[in-house]
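Biologist: I am new to this structure and would like a close look at one part of it, with the contacts followed outward from there. Please take me through it slowly, one contact at a time.

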Amino acid sequence: ANYFLETVVPRFEKGEIEGSETNIKHYIGEMYFLRAKNYLSKLETFGDFPIIKNTLPDESASLIQASKREPRHKVARFILEDLDLAIGLLTNTISGGKNRITQNAALLLKSRAALYEASWLTYHKGTALVPGGPGWPGANKDYLKDFSIDIDSEIRFFLTEAKEAAQIVADKYSLSNDYPSLFNSQSLSSTSEVLLWRAYDASLTPAVNHFVVGYIQRNGGGNTGWTRSMMQ
């Protein structure tokens, strides 16, 4: 993602890329979305995490320097910044429809990321799991010696961001009256509340499908413990 962004964005800004400006912006927006989504995964797994915005040389000193962990709320803010960039570049009318990342999908991810961090800070305030809390490991790092945080202010910030992003999407769509259809339909393209879904179609070349049932039934449960008779 970093390589794509540091290579494509400057060329686009210089007018060096041919093609539809709308499409090019959308592609760039998709990459900001994907970087944010990957960082959200790291935030959920590790909390404090390095923020790396560019490709790094295969050299120990540079890698060690870049691997310094940043406080989790800063990682969360970085995620929202990437999603704001994505929201400004993405459209909701790109070819592929809701099988593609869209502006609405980015707004939804922003709301989820902001709500996640607001909730974490709220329920772990006063512990080592929150920056600045008693026993927080970051307090022992020289590069964070001047660190300070207003937890309550951060919570308000993330809650506000979550609500505002969600409201934009909620104002556009109504909920489906046919709840079962969300889970048993071959196509979700006409279901307004579904913002991003994957269309499986064996007739395409190459086919878009999965082999979960066959894999579990015919290959000894696929190391899952499920048996063929259980599946049937």
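Modeller: In this predicted model, Glu 30 and Arg 100 form a salt bridge in which the closest N and O atoms are 2.8 Å apart. The two partners come from distant parts of the chain, since Glu 30 belongs to helix α2 while Arg 100 belongs to the loop between α4 (72-89) and α5 (103-124), 70 residues apart. Glu 30 itself has a relative accessible area of 12%, so this residue counts as buried.

The helix that carries Glu 30 deserves a description of its own. Helix α2 covers residues 21-46, which makes 26 residues, and from its first C-alpha to its last it reaches 37 Å, close to the 38 Å expected at 1.5 Å a residue. Just after α2 comes Gly 47, which takes a positive phi of about 80°. Within α2 there is also a salt bridge between the side chains of Lys 25 and Glu 21, at 3.1 Å from N to O, and because these two residues are 4 apart in the helix, about one helical turn separates them. Both ends of this bridge are partly exposed: Lys 25 has a relative accessibility of 29%, and Glu 21 has a relative accessible area of 46%.

Helix α2 takes part in aromatic contacts as well, and the structure has 7 aromatic pairs in total. In one of them, the ring centres of Tyr 39 and Phe 49 are 5.9 Å apart and the planes stand at 80°, so the pair is edge-to-face. Tyr 39 lies in helix α2 and Phe 49 in the loop between α2 and α3 (60-66), so this contact ties together parts that are 10 residues apart in sequence. Tyr 39 is buried, with a relative accessible area of 9%. Tyr 39 and Phe 49 also belong, together with Phe 46 and Phe 78, to one aromatic cluster.

Another aromatic pair is made by Phe 157 and Phe 158, again edge-to-face, with 5.0 Å from centre to centre and 70° between the planes. Phe 157 is partly exposed, having a relative accessible area of 26%, whereas Phe 158, at 0% relative accessibility, is buried. Arg 77 meets both rings: it lies over the face of Phe 157, at 3.8 Å from the ring centre, and its charged end sits over the ring of Phe 158, 5.9 Å from the centre of that ring.

To return to the salt bridges, of which the structure holds 8, one further example joins the side chains of Lys 110 and Glu 161, at 3.0 Å from N to O. Lys 110 lies in helix α5 and Glu 161 in helix α6 (residues 151-170), so the pair ties together parts that are 51 residues apart in sequence. Lys 110 is buried, with a relative accessible area of 9%, and Glu 161 is likewise buried, with 15%. Salt bridges that share partners bring in Asp 84 too, joining it with Lys 110 and Glu 161 into one network.

The surface offers another kind of feature, a nonpolar patch of about 460 Å² made by Val 212, Val 213, Trp 226, Met 230 and Met 231. The elements that give two or more residues to this patch are α8 (212-218) and α9 (228-231). Met 231, which has its place in helix α9, counts as partly exposed at 32% relative accessibility.

Conventions. Residues are numbered from 1 along each chain as its sequence is written. Side-chain values use heavy atoms; hydrogens and water are left out. Patches are made of residues with over 30% relative accessible area and no salt bridge: like charges are joined within 9 Å, nonpolar side chains (Val, Leu, Ile, Met, Phe, Trp, Tyr) within 5 Å. Accessible areas come from the Shrake-Rupley method with a 1.4 Å probe; for residues, only the protein chains shown count as cover. A salt bridge is a side-chain nitrogen of Lys or Arg within 4 Å of a carboxyl oxygen of Asp or Glu. Buried means under 20% relative accessible area, exposed over 50%, partly exposed in between (1.4 Å probe, protein chains only). The expected span of a helix is 1.5 Å times one less than its number of residues. Rings of Phe, Tyr and Trp (its six-membered ring) pair if their centres lie within 6.5 Å; planes under 30 degrees apart count as stacked, over 60 as edge-to-face and the rest as tilted. A charge sits over a ring if NZ of Lys or CZ of Arg is within 6 Å of the ring centre and within 35 degrees of the ring normal.
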